Amino acid sequence: MYTIFDSHTHVFPEKVCRRALQVMVEKSHGLETFTDGSVAGHEAEALRAGYSGWLNCPVVTSEKQMKSVNDWVATWNRWPSLSLGGLYPNAPMDVVLAEAKRIKTLGLLGVKFHPEYQQFSPVDERLEPLWDLLAELRLPVLFHAGSDIGFLEQGRHSTPADFARFAESHPALTVICAHLGGWRNWDEVESDLCGARVYLDTSFSKGWMTDQEQFERIIRKHGVDRVLFGTDSPWTSMAEGIREVEETALSSEEKQAIFYDNAARLFPLPKLK
């Protein structure tokens with residue numbers, strides 16, 4: 001019934017995907033997985049779920065990973081399996097800026113950042129040259145937002161209010177906040193982020209909300225036209241992610257906007273209707 005593009009998924013090189021998932025499952029207190037983490041396994045599950053396309057969001061956790069990760073995803077970055085690039089913001093700034101330019105030349109669709117795994121704050125003034133360059137290159141940035149299941153014992157490196165302020169300070173930059181604006185910080189999303197000049201994705205959110213009506217409430221308060229469908233696969237079932245949107249009281253047109261049309265304004269997606 002709907003054309004579907006998942007704006008938030010994760011895959012790993014085949015030779016390391018099993019070990020990568022094992023390490024992340026252990027760090028995430030036994031969190032269930034729904035694919036084997038490989039590109040082929042992900043594609044098979046996505047097609048079974050009825051997807052038209054999907055976006056990989058790599059998290060680079062060291063300076064030396066940047067080039068190899070970006071080179072790898074660039075080898076298969078073509079419809080329907082697309083990818084962002086990855087940058088490590090704690091690397092020397094000249095190195096980060098050079099790799100950002102290379103991400104653009106590689107044809108990757110934007111950049112993924114994870115303040116918890118990468119241990120940085122998006123409002124750190126040291127990073128201003130990076131945000132300016134990414135805006136100039138017209139590369140959207142997708143941030144993990146809120147707490148993280150693997151870092152529950154630590155403080156957050158970002159808040160919904162931080163992202164609202166960040167977006168206001170960088171009007172030329174396309175900002176996407178994952179996990180409906182802030183994992184397990186959704187009361188703050190409602191008070192501090194809804195209505196800000198950011199996109200939210202639906203990944204890894206509704207199933208963790210104690211107030212199940214909050215999912216739809218945030219979408220409506222923020223604005224359907226600034227919400228993207230995402231699952232955080234392999235950490236959420238793709239079929240379940242679809243159901244979470246389908247079971248809302250949103251209209252069919254609003255659901256289609258979330259499932260595909262909003263993402264098609266940000267990324268070079270084909271017109272499939």
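**Exercise 1. Find which residue of β7 is the bridge partner of V141, then work outwards to the sheet.**

Step 1. Start with the residue pair: V141 has V175 as its bridge partner in β7. Keep in mind that this is a predicted model.

Step 2. Now zoom out to the strands. β6 covers residues 141-143 and β7 covers residues 175-177. Three bridges join them, and the two strands run parallel. At least two bridges are needed to call two strands paired, and β6 and β7 have three.

Step 3. Place that pair in the sheet. Reading across, the order is β4-β5-β6-β7-β8-β9, an open sheet of six strands with parallel pairing.

Step 4. Which strands stand at the edges? They are β4 (85-86) and β9 (227-228). Each has a single partner strand, so one side of each has no neighbour in the sheet.

**Exercise 2. Work out how K67 and D71 are placed to form a salt bridge.**

Step 1. Check the distance. The closest N and O atoms of K67 and D71 are 2.9 Å apart, and the cut-off for a salt bridge is within 4 Å.

Step 2. Look at the helix. Both residues belong to α3 (residues 65-74), and because they are four residues apart, about one helical turn separates them.

Step 3. Buried or exposed, or in between? K67 has a relative accessible area of 48%, so it is partly exposed. D71 is partly exposed too, at 26%.

**Exercise 3. Do the same for E216 and R220, then see which residues share salt-bridge partners.**

Step 1. The closest N and O atoms of E216 and R220 are 3.3 Å apart, and the two form a salt bridge.

Step 2. Helix α8 spans residues 213-222; E216 and R220 sit four residues apart in it, which means about one helical turn lies between them.

Step 3. On accessibility, E216 comes out at 21%, which is partly exposed. R220 is partly exposed as well, with 42%.

Step 4. Now for shared partners: K67, D71, E99 and R102 are joined into one network by salt bridges.

**Exercise 4. Describe the contact between D211 and R217, and say how many salt bridges the whole structure has.**

Step 1. The side chains of D211 and R217 meet in a salt bridge, with an N to O distance of 2.9 Å.

Step 2. D211 is partly exposed at 29% relative accessibility, and R217 is partly exposed at 34%.

Step 3. For the count, search the whole structure: there are 13 salt bridges.

Note on methods. Residues numbered from 1 in each chain as written. Predicted model: local features only at pLDDT ≥ 70, side-chain atom pairs only at ≥ 80, totals over all residues. Heavy atoms only, no water. Buried < 20%, exposed > 50% of the residue type's maximum accessible area, 1.4 Å probe, protein only.
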